[in-house]
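Please look over the sequence and the model before reading on, and keep both in view. The report below moves between single residues, the helices that hold them and the chain as a whole.

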Amino acid sequence: MKRNQTHVTEFILIGFSMFPDLQPFLFVTFFILYILTLMGNALIMTVIGLDRSLHVPMYIFLFALSVSETFYSFAIVPKMLVDLVSVSKIISFAGCAAQMIFFLGLGGTNCLILTFMGYDRFLAICYPLRYSILMNVRVIVWLVAISWVGGFLISLTEAAVVFSVPYCSSNTVNHFFCHMRTVVKLACSDDNTAQVIISVIPTVGLAGSFLFIMLTYAFILSTILSTPSTESRQKAFSTCAAHLTVVIVHYGFSAIVYFKSNTKDSLDNDALVSLPYTIITPFLSPIIFTLRNKDIKIAVRKRVSQKFFPQ
């Protein structure tokens with residue numbers, strides 16, 4: 001029987017084909033959100049890169065997060081936009097694997113950077129006298145490198161599991177990108193080991209990193225509440241507000257996808273459920289960090305005034 005099987009060489013991404021009348025509107029909406037996402041991240045990277053007062057650990061991590069989220073959006077959105085306005089929605093087998101690897105790798109990188117940002121705030125608030133020693137340039141470089149390497153090691157593992165199973169006749173992916181849970185459902189194998197593995201890895205990863213962040217904020221909250229100065233408490237809260245907001249948005253939307261059931265009806269809705277963490281989260285992240293961070297807002301105003309209102 002295996003000799004008579006035709007192996008899949010390409011996949012068809014169904015995407016939003018079930019809403020043909022809405023596709024022009026969806027294209028315009030997603031295109032605008034994508035451009036605004038790129039502009040927001042570019043603004044953050046430019047401001048942090050040019051303003052020497054922002055060359056501190058918290059903003060170096062933010063710079064790294066903006067770089068990662070820019071590539072994260074690039075892994076999914078351009079192909080999705082093309083598919084919205086084209087008849088052919090084909091992606092090659094290799095292209096599907098590459099998209100999956102980069103999407104999962106950059107998503108994992110985002111999670112790890114957000115985790116290390118929480119650790120940075122923990123050291124800054126709970127150990128202020130030793131902070132400059134504990135979080136020096138060498139440590140920052142190592143943590144950012146660990147984020148990228150760790151994220152892609154996880155993604156390569158997941159992709160290897162997904163594409164280790166045989167794919168035969170069915171090649172229609174009910175999604176707008178090569179989501180691993182949707183792709184692995186097409187495998188012509190009765191063994192569901194791959195499905196279990198790709199469900200356990202992201203669940204453990206997301207839950208573990210989120211719990212670590214919440215643990216750091218428990219210590220941070222305890223330290224802040226024990227601070228007698230109201231001004232110091234407000235300053236400490238303000239430095240954490242943007243990061244905590246992004247963490248809640250990021251992990252909240254991701255949990256909707258990875259912690260929900262793996263039934264057929266659930267998988268049929270994966271495309272719609274995935275929109276928040278593939279489109280909305282990268283769009284909101286730079287907005288939150290810009291609007292809820294006093295130093296970033298001051299730096300932006302400074303650059304704008306120098307550019308358009310030079311003295």
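Leaving aside its neighbours within four places in sequence, which residues is R121 in contact with? In this predicted model, R121 is in contact with M58, Y131, Y217, I220, T239 and C240, once the neighbours within four places in sequence are set aside. R121 itself is found in helix α3, and it counts as buried because its relative accessibility is 9%, where buried means under 20%.

**The chain as a whole**

The protein chain contains 11 helices and three strands, and, read along the sequence, these follow the pattern β-α-α-β-α-α-α-β-α-α-α-α-α-α. With a radius of gyration of 22 Å, close to the 19 Å that the globule rule gives for 311 residues, the protein chain is as compact as a globular protein of that length. Along the principal axes, its C-alpha atoms fill a box of roughly 75 × 45 × 30 Å.

Of the 311 residues, 47% count as buried. The protein chain exposes about 15800 Å², and carbon and sulfur atoms supply 70% of that area. If one takes the contacts between residues at least 6 apart in sequence, 79% of them join residues at least 24 apart. As for charge, the protein chain has 21 positive and 14 negative side chains, and the centres of the two sets lie 12 Å apart.

**Two helices and their buried residues**

Two of the contacts of R121, Y217 and I220, are also among the buried residues of helix α7. This helix is set beside α5 in the table.

| Helix | Number of residues | First to last C-alpha | Expected at 1.5 Å a residue |
|---|---|---|---|
| α7 | 33 residues | 48 Å | 48 Å |
| α5 | 26 residues | 38 Å | 38 Å |

Besides Y217 and I220, the buried residues of α7 include I198, L206, S209, I213 and I224. An α-helix has 3.6 residues a turn, so residues three or four places apart point the same way. The buried residues of α7 pack against α3, α5, α6 and α8.

In α5, the buried residues include I140, L143, V144, S147, G150, G151, F152, S155, E158 and A159. What covers the buried residues of α5 includes α2, α3, α6 and α7.

**Two further residues**

Is L244, which lies in helix α8, buried, partly exposed or exposed? L244 counts as partly exposed, because its relative accessibility is 28%, and partly exposed covers values between the limits of 20% and 50%. Not counting residues up to four places away in sequence, L244 touches M214 and Y217; Y217 is also in contact with R121. The C-alpha atoms of L244 and G15, which are 229 residues apart along the chain, are separated by 32 Å.

C178, by contrast, lies in the loop between β3 and α6, and it counts as buried because its relative accessibility is 1%. Leaving aside its neighbours within four places in sequence, C178 is in contact with L13, I91, C96, Q99, M100 and V183. C178 and L26 are 152 residues apart along the chain, and their C-alpha atoms are separated by 19 Å.

Definitions and conventions
Residues numbered from 1 in each chain as written. Predicted model: local features only at pLDDT ≥ 70, side-chain atom pairs only at ≥ 80, totals over all residues. Heavy atoms only, no water. Helix = DSSP H or I, 4+ residues; strand = E, 2+ residues; numbered from the N terminus. Rg over C-alpha atoms; globule rule 2.2 N^0.38 Å. Buried < 20%, exposed > 50% of the residue type's maximum accessible area, 1.4 Å probe, protein only. Contact = heavy atoms within 4.5 Å. Areas by Shrake-Rupley, 256 points an atom, 1.4 Å probe, with all protein chains shown as cover. Lys, Arg positive; Asp, Glu negative; His and termini not counted. Charge placed at Lys NZ, Arg CZ, Asp CG, Glu CD. Expected span 1.5 Å × (residues − 1).
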